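Please work through the exercises below with the sequence and the model at hand. Each task is followed by a stepwise solution.

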Amino acid sequence: MTDAFSAPPGPQELAGYDPASANRPPRAWLQVWDWSPVLPEPVLTPWQPVLTLLRRAKPSGPDDPRTTGPFVQITDAPRPVVDERQAAAIAAEHGPTAAAATLATAPDAGDPRYLMVLRALIEGDPVAWTTQPAEITARLALPSLCAFYLSIAAEQTRRRDAFPANALAEAVMVALAAHRDHATLADSTTTDDPATGTDPDDDSSTADLTEQALLDLVFAAWRTGTDLGTNLPAVLDHLYNLTAPLTTPAGTTPDDTSPGALPADFVGTDPAGRAIHCLLEHARRQPSAPGDSLPTRLLHHLTTITEATGTEPRTVAALGPYLPLLHHRALDWIHDHRTVLLPLPADGTPTAASAWLRWGPAHPPLLTDLDRAELLTRLRTSTPPEAASHMALALLDDPHILGDPAALFVELAAADGGSAAASRLLELLAHHTAHATDAAVQLWRAALSAGMPPGAMVGAGTFSLTAIDEATWLDLTLASARHTPALRNTDHIAERAAHHPGKPEAAHLVALLVAHPSTDPWRDATVRQHARSLLTAIAQLPPAPEAERPTQELRDALITAGDIDAHQM
């Protein structure tokens, strides 16, 4: 048994450990400590100094392993009375409505495990379970099951075969009625005596789930062009009511948020913000002639919201992604509220404009209404990073949308962070070049003529991945490498240049890349491999006086990089 433990520590090792410290004792010491209550005296004797030292940290001594609790075996959780297979068999034979009734009338109905059974049933046959939403929710009966059904059914709206015929419109009205019932119940059960009320966590979570399902279903109805018929006004009225929290400044009303409610400023789940999205999406999808504005009721309501909470995070998140729609269909309204909606504060304070840059779709005309200096500051600080993508798309749409592009690059690169911002913009221009090569070339030339600081052209290396014609690409890439040799994507540049052994510019370009290695050894090795291939191809061509100097530069760069055999090529 003594051999099972390591050798006891010596005096020096004992003196080096302080039991009052937070340091954990050596593993061998703890092993002896844990087993000491049952170890025989001959085994313990050499370890007594260790046990004495450890008792200073725990005077009560180690736990006796003979008095530990009984072994507990973990078994599978008990199944509900009606499990998934049984419910699926009932649905297959008698339809989803019968299975729904079975779940609602089971002896243990209301058990949370039935939520998982219901999810499995819906996901297993989404078409059948979204065909009769009104009948299914009537058979489910229990509010928790109904709310969960609507939530899972709403997830199926992305499937083309789900909600056949007019089932989606039916689901919207079912969710609307359920949400109204929850609101009525919440009002009627409000009491000063907690014992007479229901569990607030259960009530609020069920109401929240129903609310989110309603908004999902409404948005899906707009997206799919589902006709709500005569029910449309009631749905719109309910959406307007849901936005009420945004019409009052924060702090002017008492906080009556129920326990378990979703955070009010969480983008994507805030019901008021999502209701705004639904209203704006409905307006966007309505037939309109050029010049038609948005509905007067909607604009008046947005005015109330903007004036009350226009700078609060959840209003910012609600309006930001739809600024392009408002700019296109309600330009005068945007200009009337530009001091609230369009600033881009240097400290990163959220505004609708910054939310648009972060989450919204491209809309070049909107950029021209933003403060130029503030916009360039956001580009330099990458707050948000997506701002540069908006700028790149706008410039490719019209290189002069913000004036002379060369002057724009000069201004962008003039302040701290400007070189990196210019490089990032060039890289994004390259990424989006596919359908605008002429504009991309024009902007690339403008950047080269701007006289920007070293490093500002790094991103131009990404143009090696575009379809810009070879002669133009080679000339502009060589000019970019002369400005900033450490370009991005040097391996792709070298590979593309190696296909042009007959052009002295190719040898000069690759020589620059070899002479200025990056921080990526693998990429540099690939560049040298393409350089050797280019040098070999040049050697097979008839001598050309104009190629002698760049070829020698390439050879010298390879030798300097450690390729001593290059002098023979």
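The exercises concern a nonpolar core, one helix and one helix pair.

This is a predicted model, in which local features need pLDDT of at least 70, side-chain atom pairs count only at pLDDT 80 or more, and totals for chains, interfaces and linings use all residues. Residues are numbered from 1 along each chain as its sequence is written, and side-chain values use heavy atoms, with hydrogens and water left out.

**Exercise 1.** Identify the residues of helix 2 (residues 27-35) that are buried (under 20% relative accessible area, 1.4 Å probe, protein chains only).

Solution. Step 1: the buried residues are W29, L30, V32 and W33. Step 2: viewed down the axis of helix 2, these residues fall within an arc of 160 degrees (taken from the directions from the helix axis to the C-beta atoms), so they line one face of the helix. Step 3: they pack against helix 1 (11-15), helix 3 (41-44) and helix 4 (48-55).

**Exercise 2.** Describe how helix 28 (residues 490-497) packs with helix 30 (residues 521-539).

Solution. Step 1: their axes, lines fitted to C-alpha atoms over the stretch in contact, lie 8 Å apart at an angle of about 10 degrees, on a scale from 0 to 180 degrees between N-to-C directions. Step 2: helix 28 is therefore roughly parallel to helix 30 (angles under 35 degrees). Step 3: T490, D491, A494, E495 and A497 of helix 28 meet W522, R523, T526, V527, H530 and L534 of helix 30 (heavy atoms within 4.5 Å).

**Exercise 3.** Which residues does W129 contact, leaving aside its neighbours within four places in sequence?

Solution. W129 is in contact with A91, P96, A99, A100, L118, L121, I122, I136 and Y149.

Definitions and conventions. Helices (H or I, at least four residues) and strands (E, at least two) are DSSP runs, numbered from the N terminus. Angles under 35 degrees count as roughly parallel, over 145 as roughly antiparallel, 65 to 115 as roughly perpendicular and the rest as oblique. Buried means under 20% relative accessible area, exposed over 50%, partly exposed in between (1.4 Å probe, protein chains only).
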